[in-house]
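Subject: Structure for you to look at

Dear colleague,

I am passing on the structure below, and I would be glad if you could look through it with the notes that follow.

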Amino acid sequence: MAGIPVLMYHRVSPNRGRKAEKLRVSPEKFGWQMKYLFSRGYRTISASQLLDFCQGERALPKRRIIISFDDGYQDNFLYAFPILKKYEFRAIIFLVTDYIGSDSSWDEKGPEPLLNWAEIEEMRQAGMEFGSHSHAHRLLPSLPEEEIRLEVERSKSVLESKLGESVEFFSYPWGKLSEAVKETVKDCGYRGAFSTLPGKNGVGEDSFALRRILIRGYDTSFHFLLNLKLGRSRV
Ligand SMILES: [Zn+2]
């Protein structure tokens, strides 16, 4: 399947006796996946480069890819970042601004530590990109218009003032979007937004519903290759 794949990760941390979880990939698996991509000639691009491609403004060489992380877990810094650096890969991490330096208390499975500003800055200086995953990780389609706007707008301004650069990309909490949510994200000055819709991104793709391939903690190497090829996670 043609188009640019955007891989979607959440947590990257060791199993420590627990069994594999859907949204947590072990560092060993993540390391194997990055090594595989590198050895097959894949190179990472920025979200802006992807958008230029989708809007028909830029041709891209073969085997270009984006590695993305939702929620901004501290384990991204501890375990994923060293592996990404090893292959000179960059990634985009979508942060929940009201919880930076705290934990993911929105998650019903229990809170996990999130990145703090010092870790974010270190990663930014090493070339990692940051986007918004809203201010407080609420279910956006269920909110009134003015609250959607607050979630989307406030996170952008907090990130921009802390990072000192413009923040142009958004990822929808739980992948939940509606036309009203998309319109608000567009209206707040973002260039594009990532969904959890499966598939790869081709020319003409909806800039506010960019597609991603979920990489699950229990996916085997074979599943990873299949997901990459087909552009979706097989059930
Ligand atoms: Zn999330």
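I begin with Phe-170, which, once its neighbours within four places in sequence are set aside, is in contact with Phe-94, Ser-132, His-133, Ser-134, Leu-140, Val-152, Val-185, Tyr-190, Gly-192, Ala-193 and Phe-194. Please keep in mind throughout that this is a predicted model. Phe-170 lies in strand E8, which covers residues 169-171, and it is buried, with a relative accessible area of 0%. The C-alpha atoms of Phe-170 and Glu-153, which are 17 residues apart along the chain, are separated by 11 Å.

One of the contacts of Phe-170, His-133, leads directly to the metal site. The zinc ion is coordinated by Asp-71 through OD and by His-133 and His-137 through NE2, at 2.1 to 2.2 Å. Along the sequence, the spacing of these donor residues is D-x61-H-x3-H. Asp-71 and His-133 link distant parts of the chain, since Asp-71 belongs to strand E5 (residues 64-71) and His-133 to the loop between strand E7 (129-132) and helix H5 (145-163), with the two positions 62 residues apart in the sense that they are 62 residues apart. Both Asp-71 and His-133 are buried.

The third donor, His-137, is found in the loop between E7 and H5. With a relative accessibility of 4%, His-137 falls under the 20% limit and so counts as buried. Its backbone also deserves a look, as His-137 has a positive phi of about 55° although it is not a glycine. A positive phi near 55° is likewise found at Trp-174, again a residue other than glycine. Trp-174 is placed in the loop between E8 and helix H6 (179-187), and at 46% relative accessibility it counts as partly exposed.

Turning to the chain as a whole, I find 7 helices and 10 strands. The radius of gyration is 17 Å, close to the 18 Å that the globule rule gives for 235 residues, and the chain is therefore as compact as a globular protein of that length. Taken along the principal axes, the C-alpha atoms fill a box of roughly 45 × 45 × 35 Å. Of the 235 residues, 53% count as buried, and among contacts with a separation of 6 or more, 65% are between residues 24 or more positions apart. The chain exposes about 10,600 Å², of which carbon and sulfur atoms supply 50%. As for charge, there are 35 positive and 31 negative side chains, and the centres of these two sets lie 11 Å apart.

Two further residues can be read together, because the contact list of Met-34 includes Leu-84, while that of Leu-84 includes Met-34. Met-34 is found in helix H1 (residues 27-39) and counts as buried at 0% relative accessibility. Leaving aside residues within four places in sequence, Met-34 is in contact with Tyr-9, Ile-67, Ile-83, Leu-84, Tyr-87 and Phe-89. From Met-34 to Tyr-87 the distance is 7.5 Å, C-alpha to C-alpha, although the two are 53 residues apart in sequence.

Leu-84, for its part, lies in helix H3 (residues 74-86) and, at 1% relative accessibility, counts as buried. Not counting residues up to four places away in sequence, Leu-84 touches Phe-30, Met-34, Ile-67, Phe-69, Phe-89, Ala-91 and Met-128. The C-alpha atoms of Leu-84 and Gly-31 are separated by 8.5 Å, with the two residues 53 apart along the chain.

Finally, there is a buried position in a loop: Ser-104 has its place between strand E6 (92-95) and helix H4 (117-125), and at 0% relative accessibility it counts as buried. Again not counting residues up to four places away in sequence, Ser-104 touches Tyr-73, Gly-110, Pro-111, Glu-112 and Leu-114. Of these, Leu-114 is 10 residues from Ser-104 in sequence and 6.6 Å from it in space, C-alpha to C-alpha.

With best regards

Conventions
Residues are numbered from 1 along each chain as its sequence is written. This is a predicted model: local features need pLDDT of at least 70, side-chain atom pairs count only at pLDDT 80 or more; totals for chains, interfaces and linings use all residues. Side-chain values use heavy atoms; hydrogens and water are left out. Donors are N, O and S atoms within 2.8 Å of the metal (3.2 Å for Na, K and Ca); water is not among the atoms, so sites may look incomplete. Helices (H or I, at least four residues) and strands (E, at least two) are DSSP runs, numbered from the N terminus. Buried means under 20% relative accessible area, exposed over 50%, partly exposed in between (1.4 Å probe, protein chains only). The radius of gyration is taken over C-alpha atoms; the globule rule is 2.2 Å times the number of residues to the power 0.38. Contact means heavy atoms within 4.5 Å. Accessible areas come from the Shrake-Rupley method with a 1.4 Å probe; for residues, only the protein chains shown count as cover. Lys and Arg count as positive and Asp and Glu as negative; His and the chain ends are not counted. The place of a charge is taken as NZ of Lys, CZ of Arg, CG of Asp or CD of Glu.
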